[in-house]
Amino acid sequence: MQAWQVHQNGEPSEVMRLSDVEQPVPGEGQVLLKVRAANINFPDALMIRGHYQVQPPLPFTPGVEICGETEDGRRVIANPALPYGGFAEYALADAAALLPAPDALDDAEAAALHIGYQTGWFGLHRRAHLEAGETLLVHAAAGGVGSAAVQLGKAAGATVIGVVGGAEKAAVARELGCDVVIDRRTEDVIATVKQATGGRGADVIYDPVGGEAYAQSAKVVAFEGRIVVVGFASGSIPSPALNHALVKNYSILGLHWGLYGTKNPKLIQHCHEQLTELAARGAIKPLISERVPLSGAAAAVQRVADGVTTGRVAVLPALENGAAA
């Protein structure tokens, strides 16, 4: 079978190699899945660069989120068991952790429903307890993680403010349903949020960026607001001033979604049921900006790493002749 492999850490476009390799053999409790679609996540790029908190042994095949097909023909969503990741024709996964792919979504959309939407659901509902009528601020609102949070926030009845970088991403954020869109390249984020909220600020802030985005969050969070720290796509990890959290009476909430797989896996199943219901009634639908063939995976991962994509980019091994569908 064909699979992308990383033999040394570095930039995805430089170190990913498409190779003919042996089909992986499932270990105890594992299943072999035919990859129908693999979604590209920012952690894939971090893993390839050697900067992620979990680092599989070299060589490995990246790709942490797929829609796959079981030997008996079922469509499922899975997190592949590295080093046999999703940017390949076949991957391995934990049999006990498979989730049914929603009928309402195609393969690429189903692959993109898992990590980003689960993270959004846990962040907004389990951690921040977002309520209808509250204001939600989402950084990187046109990206894969941010776009999921925007849709989930709207589905929960919140007013959603999206912060993006650039006119193209601003247009995407509006299409996603943001009530207010702020282009951080041309607008003052802090002043615009305060104006949009009558000076009150945002009740919940969803931050997968860190760095300057977190600094802005601390200045616009409302009384009894909650800042959900999801990641650091900017590459800069902020050091919160806890005295500031005290005097403004807000909470800083960490979210590492992957921990629920071992700490409370039943919650992941419950969340998937909620997401499937939302997808069935059209309240959420993953934004797939590109569908690329397996041969285009390295270049696509690089684009995600460089932060120039919107929504999700999906790798579909069945696409032929390098033509995106």
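In the next few minutes I will go through the cysteines, the salt bridges and some backbone details of this structure, which is a predicted model.

Let me begin with the cysteines. A disulfide is a covalent bond between the sulfur atoms of two cysteines. Here the count comes to zero disulfides. Cysteine 271 is in no disulfide, and the nearest cysteine sulfur, which belongs to cysteine 67, is 17 Å away. Because buried means under 20% relative accessible area, cysteine 271 counts as buried with its 0% relative accessibility, and cysteine 178 counts as buried at 10%.

Now to the charged side chains. Side chains of opposite charge can pair when their charged atoms come close. How many salt bridges does a search of the whole structure find? The search finds 11, and I would like to take you through three of them, beginning with glutamate 11 and arginine 49, whose side chains meet with an N to O distance of 2.9 Å. This pair links distant parts of the chain, since glutamate 11 sits in the loop between strand 1 and helix 1 while arginine 49 belongs to helix 2, with their positions 38 residues apart in the numbering. Glutamate 11 itself is partly exposed, at 27% relative accessible area.

The next salt bridge is formed by the side chains of aspartate 72 and arginine 74, at 3.3 Å from N to O. Aspartate 72 is exposed, with a relative accessible area of 57%, whereas arginine 74 is partly exposed at 45%.

In the third pair, aspartate 203 forms a salt bridge with arginine 200, and the closest N and O atoms are 2.5 Å apart. Is aspartate 203 buried or exposed? At 6% relative accessibility, aspartate 203 counts as buried, while arginine 200 is partly exposed, with a relative accessible area of 47%. Elsewhere, salt bridges that share partners join Arg36, Glu69, Arg75 and Asp107 into one network.

Finally, please look at the backbone. The peptide bond from leucine 58 to proline 59 is cis, with omega near -10°, and proline 59 lies in the loop between helix 2 and strand 4. A cis peptide bond also joins leucine 82 and proline 83, where omega is about 20°, and proline 83 is found in the loop between strand 5 and strand 6.

Glutamate 224, in strand 12, has a positive phi near 60° although this residue is not a glycine. Asparagine 249, likewise not a glycine, has a positive phi of about 60°; asparagine 249 is found in the loop between helix 9 and strand 13, and counts as partly exposed at 38% relative accessibility.

Key:
Residues numbered from 1 in each chain as written. Predicted model: local features only at pLDDT ≥ 70, side-chain atom pairs only at ≥ 80, totals over all residues. Heavy atoms only, no water. Disulfide = S-S within 2.5 Å. Buried < 20%, exposed > 50% of the residue type's maximum accessible area, 1.4 Å probe, protein only. Salt bridge = Lys/Arg side-chain N within 4 Å of Asp/Glu carboxyl O. Helix = DSSP H or I, 4+ residues; strand = E, 2+ residues; numbered from the N terminus.
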